[in-house]
Amino acid sequence: MNPSRRALFRGIARGDLKQATVARRPPWALAEAEFVTRCTRCDACIAACPEQLLARGDGGFPEIAFTRAGCDYCGKCAAACAAQALDRVAVDTAFPWVAEIGATCLSQRGVECRICGDACAPRAIRFRPAVRAAARPELDPARCDGCGFCLSVCPEHAITLRVAERAIPPVTVES
């Protein structure tokens with residue numbers, strides 16, 4: 001079944017269709033078409049993940065969920081992938097995403113909370129002190145590696161992941 005039909009049956013709004021149909025693959029996943037071609041759905045990567053972040057998704061292909069923790073890039077999933085659908089050499093970045101902090105963030109609403117910043121190993125999320133107000137989060141997209149630790153700890157689920165501009169290959173136009 002084509003992804004747009006699948007989304008329609010799930011009731012996903014038309015405006016959210018593009019973002020909703022992008023599966024979050026394990027780290028170092030090849031481009032989607034190549035990944036789906038190579039992946040044998042053997043579940044070796046799922047079994048190898050010590051954080052238990054991977055599960056079977058649509059079509060039985062592995063997907064990552066940052067509900068309990070984030071990825072520490074241990075590489076065990078890629079090492080377990082005999083089909084090389086996860087390839088640390090061919091793929092230059094583990095994840096093509098960057099975090100985005102939404103309006104439901106407690107700190108954005110004036111409540112003191114810094115849990116996402118504490119969980120962020122690359123220090124992409126920092127808090128600038130404010131006078132007579134809660135410090136607000138500032139996210140440096142260039143430092144964010146898409147590990148997902150900030151998603152799993154946010155009490156308001158205010159953080160999402162979007163495809164980073166750095167992950168979008170440049171388009172060449174031939175004249």
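**Exercise 1. Aromatic pairs**

How many aromatic pairs does a search of the whole structure find? Work out the geometry of two of them.

*Solution.* This is a predicted model, where local features need pLDDT of at least 70, side-chain atom pairs count only at pLDDT 80 or more, and totals for chains, interfaces and linings use all residues. Residues are numbered from 1 along each chain as its sequence is written, and side-chain values use heavy atoms, with hydrogens and water left out.

Step 1. Set the rule. Rings of Phe, Tyr and Trp (its six-membered ring) pair if their centres lie within 6.5 Å; planes under 30 degrees apart are stacked, over 60 edge-to-face, and the rest tilted.

Step 2. Count. The search finds six aromatic pairs.

Step 3. Take W28 and Y73. Their ring centres are 6.2 Å apart and their planes stand at 65°, so this pair is edge-to-face. The pair links distant parts of the chain, 45 residues apart. W28 lies in the loop between α2 (17–20) and α3 (32–38), and Y73 in the loop between β2 (62–64) and α5.

Step 4. Take F95 and W97. Here the centres are 4.6 Å apart with 15° between the planes, and the pair is stacked. Both F95 and W97 are buried (under 20% relative accessible area; exposed is over 50%, partly exposed in between; 1.4 Å probe, protein chains only).

Step 5. Join them up. Ring pairs link W28, F66, Y73, F95 and W97 into a cluster.

**Exercise 2. Charges over rings**

Which residue has its charged end over the ring of W28? Find the one over the face of W97 as well.

*Solution.* Step 1. Set the rule. A charge sits over a ring if NZ of Lys or CZ of Arg is within 6 Å of the ring centre and within 35 degrees of the ring normal.

Step 2. Check W28. The charged end of R88 sits over this ring, 4.3 Å from the centre. W28 itself is buried, at 7% relative accessibility.

Step 3. Check W97. R24 lies over its face, 5.9 Å from the ring centre.

**Exercise 3. The fold and its core**

List the elements of the chain, then find the residues that touch the most other members of the largest nonpolar core.

*Solution.* Step 1. Count elements. The chain has seven helices and six strands (DSSP runs numbered from the N terminus: helices are H or I, at least four residues; strands are E, at least two). Their order is α-α-α-α-β-β-α-β-α-β-β-α-β.

Step 2. Look at burial. Of the 175 residues, 36% are buried.

Step 3. Find the core. A nonpolar core is a set of buried Ala, Val, Leu, Ile, Met, Phe, Trp, Tyr and Cys residues joined through side-chain atoms within 4.5 Å. The largest one has 42 residues, and F35, I64, F66, L86 and I159 touch the most other members. Elements giving two or more residues include α4 (44–48), β3 (97–101) and β6 (159–163). Strand β3 gives the most, with four residues.

Step 4. Inspect F35. Beyond neighbours within four places in sequence, F35 contacts (heavy atoms within 4.5 Å) residues including R25, L30, F61 and L86.

**Exercise 4. Cysteines**

How far is the sulfur of C42 from the closest cysteine sulfur? Do the same for C77.

*Solution.* Step 1. Set the rule. A disulfide is a pair of cysteine sulfur atoms within 2.5 Å.

Step 2. Check C42. Its closest cysteine sulfur, in C45, is 6.4 Å away, too far for a bond. C42 is exposed, with a relative accessible area of 52%.

Step 3. Check C77. The nearest cysteine sulfur belongs to C74, 6.3 Å away, and C77 is in no disulfide. C77 is buried, at 7% relative accessibility.

Step 4. Conclude. The whole structure holds zero disulfides.

**Exercise 5. F127, S107 and R132**

Where is F127 found? Compare its surroundings with those of S107 and R132.

*Solution.* Step 1. Place F127. It is in strand β4 (residues 125–128). F127 is buried, with a relative accessible area of 15%.

Step 2. Place S107. It is in the loop between β3 and α6 (115–119). S107 is buried at 0% relative accessibility.

Step 3. Link the two. F127 and S107 are 20 residues apart in sequence and 9.3 Å apart in space, C-alpha to C-alpha. Contacts of F127 beyond four places in sequence include S107, C113, A135, R136 and P137. S107 touches, among others, C113, F127, A135, R136 and P137.

Step 4. Turn to R132. It is in the loop between β4 and β5 (136–139). R132 is exposed, at 86% relative accessibility. The C-alpha atoms of R132 and G110, 22 residues apart along the chain, are separated by 9.9 Å.
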